[in-house]
Amino acid sequence: MNDPDVDALTRTLAPRLRMVAAIARTEHITHAAEALNMPQPTLSRALARLQEELGIALVERTGRGVRLTRAGRLLLPHVERALDDLRQGVAELTGAEEGRVALTFLPTLGVEVVPVLLRGYRAEHPGVRFTLTQEAWAESLRRVASGGADLALTSPLPSGPGLASAVLHTQYLRLVVPEHHVLAGAGDVSLADVRDEFILLKPGRGVRHLTDRLGDRAGFTPRVAFEADDIATARGLVAAGLGVSVLPARPKGALGGTVELAIRDGQAERPVGVVWPEEGSGGGYEPPAVASFRDYVRRVGPRVIPDLTG
């Protein structure tokens, strides 16, 4: 049977899935009709019409009852899976306890923050499932904007149209220098006064975006010694004396071998928050499970994130 025939038969069968499943379950036309809440003659005519359109017998009589033919038995598991998938889809559309949430998040938040949030939420809503993506700031915003994710835990937060956001925690950005650096004793600095090579995060990372923005405001273009994939690597290379960097302040104090200096240039901070499509986008529909998890993150995140980031 070629593909066009398969497509045609699938279109014929799809609206009658419940009918086939009910007949298989009851092995009786009258009982199946009762389960489907329709008159028995209506079901009999519908079954006859279906088999005629398919050109395949799905049911055969056995005395006063019926049973599936070999073709019907072969088809039944697929019918049942299709109905189960459809039921699951409806549950995800309408229920806050059985839905699925597609979440994208920064790699730095995946170590502790995301596991803590998911563990706490799933303790309250064990039926909700998650699809997780770990990626850099720019990719996460693109994914949410295109409908590939429901929510993003990221930084910085978007300022353009199409996406809404809520700040969960704000970190200060610091100029991180080796402990014996000439500026190590300074109280604060302007990036325009720094003559060293910089260890920056790669383009597309949120901290790199903020660093570039700070440099633009200070009229300063750093000389780049290395572009790191993550904050921990950049911090470690500074400790090794390979350059300086602009990074979020560590909650527990500077990494050994480094000193963190306040930056005088304006808005030297990193807001961490949750991002979602603004109201009206995506057809104006938001699954209840997504709304529930977002509300949980907005409620719990400000207590969790300050202790676990940096």
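Helices, at least four residues long, and strands, at least two, are DSSP runs numbered from the N terminus. The exercises below use these numbers on a predicted model.

**Exercise 1. Find the loop that holds Asn-37, and decide whether Asn-37 is buried or exposed.**

Solution.
- Step 1: place the residue. Asn-37 sits in the loop between helix 3 and helix 4.
- Step 2: check the backbone. Phi of Asn-37 is near 60 degrees, a positive value in a residue other than glycine. Most residues other than glycine have a negative phi.
- Step 3: apply the cut-off. Exposed means over 50% relative accessible area. Asn-37 has 74% relative accessibility, so Asn-37 counts as exposed.

**Exercise 2. Describe Glu-27 by its loop, its phi and its accessibility.**

Solution.
- Step 1: Glu-27 is in the loop between helix 2 and helix 3. Its position is just after helix 2.
- Step 2: phi of Glu-27 is near 50 degrees. That is a positive value in a residue other than glycine.
- Step 3: the relative accessible area of Glu-27 is 45%, so Glu-27 is partly exposed.

**Exercise 3. Work out how helix 2 packs against helix 3.**

Solution.
- Step 1: get the geometry. Two packed helices are described by the angle between their axes and the distance between the axes. For helix 2 (residues 17–26) and helix 3 (residues 29–36), the angle is about 130 degrees and the axes are 8 Å apart.
- Step 2: classify the angle. Helix 2 and helix 3 are therefore oblique to each other.
- Step 3: add the hand. The crossing of helix 2 and helix 3 is right-handed.
- Step 4: name the contacts. Helix 2 contributes Arg-18, Met-19, Ala-22, Ile-23, Arg-25 and Thr-26. Helix 3 contributes Ile-29, His-31, Ala-32, Ala-35 and Leu-36.

**Exercise 4. Do the same for helix 2 and helix 4, then say how much of helix 2 is buried.**

Solution.
- Step 1: the axes of helix 2 and helix 4 (residues 40–54) come within 11 Å. They cross at roughly 110 degrees.
- Step 2: helix 2 and helix 4 are therefore roughly perpendicular to each other.
- Step 3: Met-19, Val-20 and Ile-23 of helix 2 make the contact with Leu-43, Ala-46, Leu-47 and Leu-50 of helix 4.
- Step 4: count the burial. Seven of the 10 residues of helix 2 are buried, and the helix is mostly covered. The buried residues are Leu-17, Met-19, Val-20, Ala-21, Ala-22, Ile-23 and Ala-24.

**Exercise 5. Trace the polar contacts of the Gln-51 side chain.**

Solution.
- Step 1: Gln-51 lies in helix 4. Its relative accessible area is 17%, so Gln-51 is buried.
- Step 2: the side chain of Gln-51 reaches the backbone nitrogen of Leu-58 at 2.6 Å.
- Step 3: a polar atom of the same side chain lies 3.0 Å from the backbone nitrogen of Val-59.
- Step 4: leave out residues up to four places away in sequence. Gln-51 then touches Ile-56, Ala-57, Leu-58 and Val-59.

**Exercise 6. Show where the buried residues of helix 9 lie around its axis, and describe both ends of the helix.**

Solution.
- Step 1: list them. In helix 9 (residues 231–239), Ile-231, Ala-234, Arg-235 and Val-238 are buried.
- Step 2: place them. They cover an arc of only 100 degrees around the axis, so they lie on the same side of helix 9.
- Step 3: recall the rule. An α-helix has 3.6 residues a turn, so residues three or four places apart point the same way.
- Step 4: look at the N-terminal end. Asp-230 caps helix 9, with a side-chain oxygen 3.2 Å from the backbone nitrogen of Ala-232.
- Step 5: look past the other end. Gly-241 follows helix 9 and has a positive phi, near 85 degrees.

**Exercise 7. Describe the surroundings of Thr-154, then identify the cis peptide bond at Pro-156.**

Solution.
- Step 1: Thr-154 is in strand 5 (residues 151–154). At 0% relative accessibility, Thr-154 is buried.
- Step 2: the side chains of Thr-154 and Ser-140 share a polar contact of 3.4 Å.
- Step 3: beyond four places in sequence, Thr-154 touches several residues, among them Leu-106, Trp-137, Pro-271 and Val-275.
- Step 4: turn to the loop between strand 5 and strand 6 (163–178), which holds Pro-156. The peptide bond from Ser-155 to Pro-156 is cis, with omega near -5 degrees. Most peptide bonds are trans.

Notes: Residues are numbered from 1 along each chain as its sequence is written. This is a predicted model: local features need pLDDT of at least 70, side-chain atom pairs count only at pLDDT 80 or more; totals for chains, interfaces and linings use all residues. Side-chain values use heavy atoms; hydrogens and water are left out. Buried means under 20% relative accessible area, exposed over 50%, partly exposed in between (1.4 Å probe, protein chains only). The arc is that of the directions from the helix axis to the C-beta atoms. A polar contact is a pair of N or O atoms within 3.5 Å; within protein, one must be able to donate a hydrogen and the other to accept it, and residues adjacent in sequence count only if both atoms are side-chain atoms. Axes are lines fitted to C-alpha atoms, for helices over the stretch in contact, and angles run from 0 to 180 degrees between N-to-C directions. Angles under 35 degrees count as roughly parallel, over 145 as roughly antiparallel, 65 to 115 as roughly perpendicular and the rest as oblique. A crossing is left-handed if the near helix is turned anticlockwise from the far one by less than a right angle, and right-handed if clockwise. Contact means heavy atoms within 4.5 Å.
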